2 protein chains.
Amino acid sequence: MNDKIGARVWLNGAFVGFDQARMAIHDRGLSLGDGLFETMLWTGTTTAFLDAHLVRLRRSADALKIALPYSDAAIGAMLGELAQDAGGQRAVLRLTLTRGSGPRGLALPDDAEPSIMASLNTYRPNTLPVKLVRVSVLRNPSAPSCQHKTLSYIDNVMALAQAREQGGDDGLMYSTHGYAACATAANLIIKYRGKSLTSSLGDGAMAGIIRGQLLSAGLIEEATITAHMIEEASCAALTNAIIGVRAVQTIDARALVLDQSWLLDLRQILQS
Amino acid sequence: MNDKIGARVWLNGAFVGFDQARMAIHDRGLSLGDGLFETMLWTGTTTAFLDAHLVRLRRSADALKIALPYSDAAIGAMLGELAQDAGGQRAVLRLTLTRGSGPRGLALPDDAEPSIMASLNTYRPNTLPVKLVRVSVLRNPSAPSCQHKTLSYIDNVMALAQAREQGGDDGLMYSTHGYAACATAANLIIKYRGKSLTSSLGDGAMAGIIRGQLLSAGLIEEATITAHMIEEASCAALTNAIIGVRAVQTIDARALVLDQSWLLDLRQILQS
């Protein structure tokens, strides 16, 4: 089962048929979750916030010492070509970068050749307001898997599974420092005492693209968000590159206000 | 670059040529680090501690809700056949289980078919005493990536890279609770006030196979290990299924005693 659009993916510089697109089993992306990814919205005509996605990918690749062997222009052109298969409709582009193959063990290989691939996927966002439930899996701000959008995603996978078991749509993750951090694949914004706040990176938030745009536009500000503030927040939203800004209906069964004018205000940046 | 032995791997029930052994790029093992692995020592005649490895793998697969579609006997027979390529020499068997393919996103697919593969790799342990240095990446006991041997290994990969940059052979990882947990791919044992202690799982230790054997044999005991105890320890060792028991030479440049009789005592369980 998959939700790919079209019959091809892009793999290490060439478009290849979907069934031929395979990775060596000793690629460290598979064996150690040693790589990065970006998930981008194809609007029907363009890759939304492409520059911001590529800035984040390059920063993280530098931090993890993974080479990124294509220019931004080349990646942008490739994504635009791949997205032609969407026929002018919205779709989701996933770009994956791995460290490449190496001998067994954790040590960074001297001679690894990174693998990079892109696929086009169905856009099918759920736009209903979200039921958030607090989960026991914590975000670890000291960890590369928390600081970067790496392929090591099992913690968030299981955090979402836990939330679904508890009847929620998504999980509210706290950090090991004890503060609210984010949902399993989205940033959190709360309206608290009239201010629109999002968790700081040091408290375990991912440096989300929409979050970054909202911060730059001055529409939200970073804060340390306590459990008490979560209980007192009048409204809340989740953001990521695919859902944009999605309202939160409940947090641990407490109903929040669905403030449409607040949501519209935040969604301004999606039009730019 | 790889260090595979032989011309074949085992993939989903069949031996296939190494160059044909490839994974779909939408397999969640690759896209989300959503899977598990075991690294086992082939002694030349048998898979050391096979039962313990398979007990751990099954427990973790259950916890992560990944099906394991082969019996222990079938896996054991397959590993024994694969290891014939080692020609009676020591080698390393790696068994990898992924959740399989699914649509984009974190939600557990209803219809995922797990992938399982095994490869045979060169045995080339470094037996010199280890220089350990404390690293800033912390173990997160709340996280599935800490509780299970998952494919989401980037945190330990980068912890080792940090240790190497600091001139160490391996990194001493503390947990988010503030206690010593383990090295990047090995458990830690310290001799402290005459007792042989290893970090408890709740303090971020992985449930290592050699660690488990040593506990069962009563040769070590679990404890919460503080930074002060690390400073006061007279000697220390690292353990995992491949290195067995390896002496620690220094921790953050403080020299430890190389107590050969203590090490021999611990290594008893490797002969069983």
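**Exercise 1. A residue in chain B**

Where in chain B is the place of B:Asp34? Once you have found it, work out its surroundings in this predicted model.

*Solution.*
- Step 1: Start with the chain. B:Asp34 sits in the loop between helix H1 (28-32) and strand E4 (35-42) of chain B.
- Step 2: Look at accessibility. The relative accessible area of B:Asp34 is 0%, and buried means under 20%, so B:Asp34 is buried.
- Step 3: List the neighbours, leaving out residues up to four places away in sequence. B:Asp34 touches residues of both chains, among them A:Ile154, A:Val157, B:Ile66 and B:Leu151.
- Step 4: Compare sequence with space. B:Leu151 is 117 residues from B:Asp34 in sequence, yet their C-alpha atoms are 6.2 Å apart.
- Step 5: Check the side chain. The side chain of B:Asp34 has a polar contact of 2.8 Å with that of B:Arg28, and another of 2.6 Å with that of B:Arg99.

**Exercise 2. The matching numbers in chain A**

Find out which parts of chain A are tied together by A:Arg99 and A:Asp34.

*Solution.*
- Step 1: Identify the link. A:Arg99 and A:Asp34 form a salt bridge, with 2.5 Å between the closest N and O atoms.
- Step 2: Place both ends. A:Arg99 is in the loop between strand E5 (91-98) and strand E6 (115-122) of chain A, and A:Asp34 is in the loop between helix H1 (28-32) and E4, so the salt bridge ties together parts 65 residues apart in sequence.
- Step 3: Ask about burial. A:Arg99 counts as buried at 4% relative accessibility, and A:Asp34 counts as buried at 0%.
- Step 4: Try another pair. A:Arg56 and A:Glu38 meet in a salt bridge of 2.7 Å, N to O. A:Arg56 lies in helix H2 and A:Glu38 in strand E4 of chain A, so this pair ties together parts 18 residues apart in sequence. Both A:Arg56 and A:Glu38 are buried.

**Exercise 3. Where the chains meet**

Describe the contact between chain B and chain A, from its extent down to single residues.

*Solution.*
- Step 1: Begin with the extent. Chain B gives 65 residues to the contact and chain A gives 65 residues. Together they bury about 5200 Å², 66% of it on carbon and sulfur atoms.
- Step 2: Count the links. There are two salt bridges between chain B and chain A, and 23 residue pairs in polar contact.
- Step 3: See what chain B contributes. Several elements each supply at least two residues to the side of chain B that touches chain A, including strand E3 (22-24), helix H2 (50-64) and helix H5 (154-165). The largest share, nine residues, is from H5(B). By class, this side of chain B has 31 nonpolar, 19 polar and 15 charged residues.
- Step 4: Zoom in on one link. B:Glu165 forms a salt bridge with A:Lys65, the closest N and O atoms being 3.0 Å apart.
- Step 5: Look at the strands. Strand E3 (residues 22-24) of chain A pairs with E3(B) in the antiparallel sense over three bridges, and A:Met23 stands opposite B:Met23.

**Exercise 4. A backbone angle to look up**

What is unusual to find at A:Asn12, given that it is not a glycine?

*Solution.*
- Step 1: Read the angle. A:Asn12 has a positive phi of about 50°.
- Step 2: Place A:Asn12. It is in the loop between strand E1 (8-11) and strand E2 (14-17) of chain A.
- Step 3: Add accessibility. A:Asn12 counts as partly exposed, at 38% relative accessibility.

Methods. Residues are numbered from 1 along each chain as its sequence is written. Chains are lettered from A and ligands numbered from 1 in the order in which they are written. This is a predicted model: local features need pLDDT of at least 70, side-chain atom pairs count only at pLDDT 80 or more; totals for chains, interfaces and linings use all residues. Side-chain values use heavy atoms; hydrogens and water are left out. Helices (H or I, at least four residues) and strands (E, at least two) are DSSP runs, numbered from the N terminus. Buried means under 20% relative accessible area, exposed over 50%, partly exposed in between (1.4 Å probe, protein chains only). Contact means heavy atoms within 4.5 Å. A polar contact is a pair of N or O atoms within 3.5 Å; within protein, one must be able to donate a hydrogen and the other to accept it, and residues adjacent in sequence count only if both atoms are side-chain atoms. Buried area is the accessible area (1.4 Å probe) that two parts lose on being put together, summed over both. A salt bridge is a side-chain nitrogen of Lys or Arg within 4 Å of a carboxyl oxygen of Asp or Glu. Ala, Val, Leu, Ile, Met, Phe, Trp, Tyr, Cys and Pro count as nonpolar, Asp, Glu, Lys and Arg as charged, and the others, Gly among them, as polar. Two strands pair if DSSP finds at least two bridges between them.
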